[in-house]
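Thank you all for coming. I would like to take a few minutes to walk through one chain, beginning with its charged side chains and then turning to its cysteines and its nonpolar interior.

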Amino acid sequence: WNDVMSFIVKDMKNWDEGRYWHFYFKLMKLPINQVAMMNMMLCSATKVNQNQNYYTTDSLRNCYARHTKKLITKLDPDFLILSGTKVTTALKLFRQDLLNTLPNCEIIDFYHCSPRIKDDRPRIDKEAKRLGEYLLSYYC
C-alpha cells in the first residue's frame, strides 16, 4: 500500500496538468496521509468494440454492490466528497444505503476539480478553500 501511495503522490502532480493536486491538496488542504481517493466506478464498462467508458445505471448498481460499497464501508470515512455532476448524480442511487451503512459519515456533493467552463475555476477554487476550512474545523 505504501508503495502504491508513494507512486500516486509523485504522479498526481501530473494529473490534469497539476490541477488535481492543486484542487484537493493545495486549496482544500486535504491531508494526503489521511484521505483515500477513488473512482466511483471500480469496474470496466465499455460498449462492444469501443474503448470509451460507458456506464449504465445497471453497471453502476452492479459495481457498487460488488466493489464500491465494500471498499467505502471498510474505509469508514468521516466525510465522503463526491466530486462532479456525474458522480453526484450517479451516487444518488446509493446515497441512502451509504448513510444507513455509515451513519457517522457526512456525504458532500461538490464540484469536479476541472470544470468544463474554465471561467468557473475562480469560483470553484474559492468553494474548495471554503470546504477545506470546514473540514479542518471538524478535526481541530
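Let me start with Asp-125, whose side chain makes a polar contact with the side chain of Arg-19 at 2.5 Å; a polar contact here is a pair of N or O atoms within 3.5 Å, where within protein one must be able to donate a hydrogen and the other to accept it, and where residues adjacent in sequence count only if both atoms are side-chain atoms. Before going on, I should say that this is a predicted model, in which local features need pLDDT of at least 70 and side-chain atom pairs count only at pLDDT 80 or more, while totals for chains, interfaces and linings use all residues. Residues are numbered from 1 along each chain as its sequence is written, and side-chain values use heavy atoms, with hydrogens and water left out.

The Asp-125 and Arg-19 side chains also meet in a salt bridge, at 2.5 Å from N to O, the term being used for a side-chain nitrogen of Lys or Arg within 4 Å of a carboxyl oxygen of Asp or Glu. Asp-125 lies in helix α6 and Arg-19 in helix α2 (residues 19–27), so the pair ties together parts that are 106 residues apart in sequence. Helices (H or I, at least four residues) and strands (E, at least two) are DSSP runs, numbered from the N terminus. Helix α6 itself covers residues 121–139.

Is this aspartate, Asp-125, buried or exposed? At 15% relative accessibility Asp-125 counts as buried, and Arg-19 is buried too; buried means under 20% relative accessible area, exposed means over 50%, and partly exposed is in between, with a 1.4 Å probe and protein chains only. If we leave aside neighbours within four places in sequence, Asp-125 is in contact (heavy atoms within 4.5 Å) with Arg-19, His-22, Phe-23 and Leu-27.

How many salt bridges does a search of the whole structure find? The search finds five, and one of them joins Asp-97 to Lys-69, with the closest N and O atoms 3.1 Å apart. That pair links distant parts of the chain, since Asp-97 is in helix α5 (residues 95–101) and Lys-69 in helix α3 (residues 57–75), 28 residues apart. Asp-97 is partly exposed at 28% relative accessibility, and Lys-69 is partly exposed at 24%. Another salt bridge is formed by Arg-123 with Asp-120, whose closest N and O atoms are 3.8 Å apart; Arg-123 is partly exposed at 42%, and Asp-120 is partly exposed at 24%.

Now to the cysteines. A search of the whole structure finds zero disulfides, a disulfide being a pair of cysteine sulfur atoms within 2.5 Å. Why does Cys-105 have no such bond? The closest cysteine sulfur, in Cys-63, is 18 Å from the sulfur of Cys-105, which is too far for a bond. Cys-105 is buried, at 8% relative accessible area, as is Cys-113, at 4%.

Finally, the interior. The largest nonpolar core has 18 residues, and those with the most contacts inside it are Met-40, Met-41, Leu-60, Leu-80, Leu-82, Leu-91 and Leu-98; a nonpolar core is a set of buried Ala, Val, Leu, Ile, Met, Phe, Trp, Tyr and Cys residues joined through side-chain atoms within 4.5 Å. The elements giving two or more residues to this core are α3, β1 (79–83) and α4 (85–91), and the largest share, four residues, comes from α3. Apart from this core lies another, of 17 residues, among them Cys-113, Ile-124, Leu-131 and Leu-135.
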